[in-house]
2 protein chains.
Amino acid sequence: MMHVTIKDIAKEANVSYSTVSKALNNSPLVKEGTKQKILRVAENMGYEPNLAAKQLVRKKTEVIGLIWPTIERVVLATLVTNISKAFESSRYSMILSVDPIEMAMDTFKKFQVDGTIVFAESENRIPEDNIPLVAYGVSGKNEGTYPIIDANHEQAIQKAVHYLYDLGHRDIAYVGLLHTTDSLQNEKIEGYQKASRKLGLTEHSITTNGLDWFDGYLAVNDVLSLAKRPTAIIGGSYDISSGILRALHEKGISIPEEMSLISYDNIPQMATAETPLTCVGVPVDQLAEEIVNTIIQRIESDDTNVAKKLKPTLTERESTGTVPPQHRSN
Amino acid sequence: MMHVTIKDIAKEANVSYSTVSKALNNSPLVKEGTKQKILRVAENMGYEPNLAAKQLVRKKTEVIGLIWPTIERVVLATLVTNISKAFESSRYSMILSVDPIEMAMDTFKKFQVDGTIVFAESENRIPEDNIPLVAYGVSGKNEGTYPIIDANHEQAIQKAVHYLYDLGHRDIAYVGLLHTTDSLQNEKIEGYQKASRKLGLTEHSITTNGLDWFDGYLAVNDVLSLAKRPTAIIGGSYDISSGILRALHEKGISIPEEMSLISYDNIPQMATAETPLTCVGVPVDQLAEEIVNTIIQRIESDDTNVAKKLKPTLTERESTGTVPPQHRSN
DNA sequence: TAATAAAATAACAACGTTGTTATTTATATG
DNA sequence: CATATAAATAACAACGTTGTTATTTTATTA
């Protein structure tokens, strides 16, 4: 059985194919009665519109391309899922490429996607090919040809520090990747430092060797051998925090009675960790929502809006509590 | 500047647009001289062919859709990257959807992809929508409307056992997810059991609670408290093995002097683990190659080939060695 | 009830390609 | 050198839509 076209429907319904087209697009120019009849016939015949033809005349695809060159990072996987879900309630659908940016752009240009979302790692300018573009995750100075959506990492960690402070903690360690050129990591550290200074706390920052779980795992030894043993730890990412969590369990340190733990990254996985983790960061669903809205807005109103730093949220779970009595400062 | 079409080129080059079309498709029907001229003009004008138009008449897109509903699994991420790479040397390109199968199929049907690859988790039949389809990873009985590519998990683990046996090991533990309905896991266990029986070894299978790294980490305690302490461990997956590795390091058990470790999954990450891991499984690049070839072949010759179980390979690294002297059985 | 306005439908030209058929131009043949 | 043949190019109809313009049908008015 060949593909059925509007002309087939027209013949079957005894109308002209232009009327069919209008009916299928719910145009007010066709009488309700005929519209219903045509719709029914189309349904019966199993009509599927031909995107290529539509595209050829309308020059719109209602498809967004997402470029994700580094699929190995779990946090981003969650974001992708959320973005995909966010598109469901719009008239757009999403396709994905894991190729390097330039290549992916080429593919998407061929497909004539209406817009692209790029998960960018470096701060390098992305060559904009006059397809509306929105980037995620390249902080740094933005020269403003395309919007950049980013979480406010600094503020997130600050929030974490203040939250712990309010619970009575005075010795709070930060475990993450220090001494790096990765601006994302650096922003977090700055948040930690600023908040500590503001609250008059001594800083205990412990560097890891990488961003994997065992990097966090190993760092716990360093934390515990600090001159003044901290009562709370802030983990710089989901992976690092799960390593920390594992190590603490291992050493029989109870959470949150003896040690509070709070993690960067606000993703659902935090709730299903060994001990459900309190965390800070922009919730992924919110992030996804924002990215989707921005690209759609940019497509539909050609709005060259500027970078957006999203406000992080703190989600309280079982891994944090008030400071243990024996450590309470007078 | 508007999009340049073959008609624009035709005007510029003083030929008819049909000649331009032929020239651009390198048809033997146009004289070498004019062909060159046209190509030059096209280049100069920055011509980009319009896929929609081409597609409308040719009914081919030379694009393959990959459906990957469960992006959270790292091993699959590596496979995706490899598949994408494998397509580079063909005339096809690949797009990805992370939507549920039915939804993704719909999107791809709209795009009129020439074929789809599905990463299937369950053994449920995938509704084939007369777009050529190749599935990856649903073992089980295949009723044969589409090819299923799968690694021979059972044979892989058997290979691991035999390899360890040849190194002198007589007490080999298997750490993985037991007692499950997940047929992939079960195949591995069967491999372990069959090989053990064949070689007359006592079985030491330790079940984990899940497939995460800490599941492997935790299982090590069970391994070490077995009546007869094993001299080698087979980890059921990359994640599990990295947990095992971590735990062994932690406990100061040297690898491979005191304990050999071999992992299922043959991915590049194995080489960059704390201790480079010996592993078994079909190498991802090979798997990717096979998947790509199969779908292309199916598209181009409508070959309804049957399921393919790929032969696993053992890659030797630093985590395995001969059995320690004190454990040697006479 | 004819004239007129409004509503519904039909006709048709785009959109940018490919592939088939028709025409022109160059080359070989007797 | 006229003629048959081959090579090169041009013309044009698809492909399946949308949107604009032309036509028909129906409703409204004097």
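1. Helices here are DSSP runs (H or I) of at least four residues, strands are runs (E) of at least two, and both are numbered from the N terminus. With that in hand, Pro256(A) is simple to place: look in the loop between α10 (238-250) and β9 (260-264) of chain A. Bear in mind as you read on that this is a predicted model.

2. Stay at that loop for a moment. Ile255(A) and Pro256(A) are joined by a cis peptide bond, with omega at about 5°. Chain B has a cis bond as well, running from Ile255(B) to Pro256(B) with omega near 5°. Pro256(B) sits in the loop between α10 (238-250) and β9 (260-264) of chain B. As background, most peptide bonds are trans, and most residues other than glycine have a negative phi.

3. Two residues of chain B are worth a look for their phi angles. Glu62(B) is not a glycine, yet its phi is positive, at about 55°. You'll find Glu62(B) in the loop between α4 and β1 (63-67) of chain B, and it counts as partly exposed because it has 17 C-beta neighbours inside 10 Å. His179(B), also not a glycine, has a positive phi of about 45°. That residue belongs to the loop between β6 (172-176) and α8 (183-199) of chain B. With 8 other C-beta atoms within 10 Å, His179(B) is exposed.

4. How do the two protein chains relate? Chain B superposes on chain A by a rotation of 180° with 0.1 Å of shift along the axis, at an RMSD of 0.1 Å. This is the relation of a two-fold axis.

5. On to the contact between the chains: 27 residues of chain B touch 27 residues of chain A. On the chain B side, the elements giving two or more residues are α4, α5 (74-88), β2 (93-97), α6 (101-111) and α9 (213-224). By class, that side has 15 nonpolar, seven polar and five charged residues. The copies meet through the same surface, because 96% of the interface residues of chain B are also interface residues in chain A.

6. Now the DNA. Around DNA strand D there are 26 residues, and the closest are Ser18(A), Ser21(A), Asn50(A), Ala53(A) and Ser18(B). Two or more residues each come from α1 (6-13), α2 (17-24) and α4 (51-58) of chain A and from α2 (17-24) and α4 (51-58) of chain B. α4(A) gives the most, five residues. The class split for this surface is twelve nonpolar, ten polar and four charged.

7. Asn50(A) deserves its own point. It lies in the loop between α3 (32-45) and α4 of chain A, and its 18 C-beta neighbours inside 10 Å make it partly exposed. His3(A) is 47 residues away along the chain, with 9.1 Å between the two C-alpha atoms.

8. Which residues touch the most other members of the largest nonpolar core? Of its 168 residues, they are Ile83, Ile244 and Ile291 of chain A, together with Ile83(B), Ile244(B) and Ile291(B). Leaving out residues up to four places away in sequence, Ile83(A) touches Leu66(A), Met94(A), Ala288(A), Ile291(A) and Val292(A).

9. Finally, take strand β5 (residues 148-151) of chain B. Ile148(B) and Asp150(B) are buried on one side, Ile149(B) and Ala151(B) on the other, so both faces are covered. β5(B) runs parallel to β4 (residues 133-136) of chain B, joined by two bridges, and Ala135(B) stands opposite Ile148(B). Three bridges link β5(B) to the parallel strand β11 (residues 308-310) of chain B, where Lys309(B) is the bridge partner of Asp150(B).

Definitions and conventions
Residues are numbered from 1 along each chain as its sequence is written. Chains are lettered from A and ligands numbered from 1 in the order in which they are written. This is a predicted model: local features need pLDDT of at least 70, side-chain atom pairs count only at pLDDT 80 or more; totals for chains, interfaces and linings use all residues. A residue is near a molecule or strand if its C-beta atom, placed from the backbone, lies within 6 Å of it. Ala, Val, Leu, Ile, Met, Phe, Trp, Tyr, Cys and Pro count as nonpolar, Asp, Glu, Lys and Arg as charged, and the others, Gly among them, as polar. A nonpolar core is a set of buried Ala, Val, Leu, Ile, Met, Phe, Trp, Tyr and Cys residues joined through C-beta atoms within 7 Å. A residue is buried if 20 or more other C-beta atoms lie within 10 Å of its own, exposed if 12 or fewer, and partly exposed in between; C-beta atoms are placed from the backbone. Two residues are in contact if their C-beta atoms, placed from the backbone, lie within 7 Å. Copies are superposed by least squares on the C-alpha atoms of residues with pLDDT of at least 70 in both. Two strands pair if DSSP finds at least two bridges between them.
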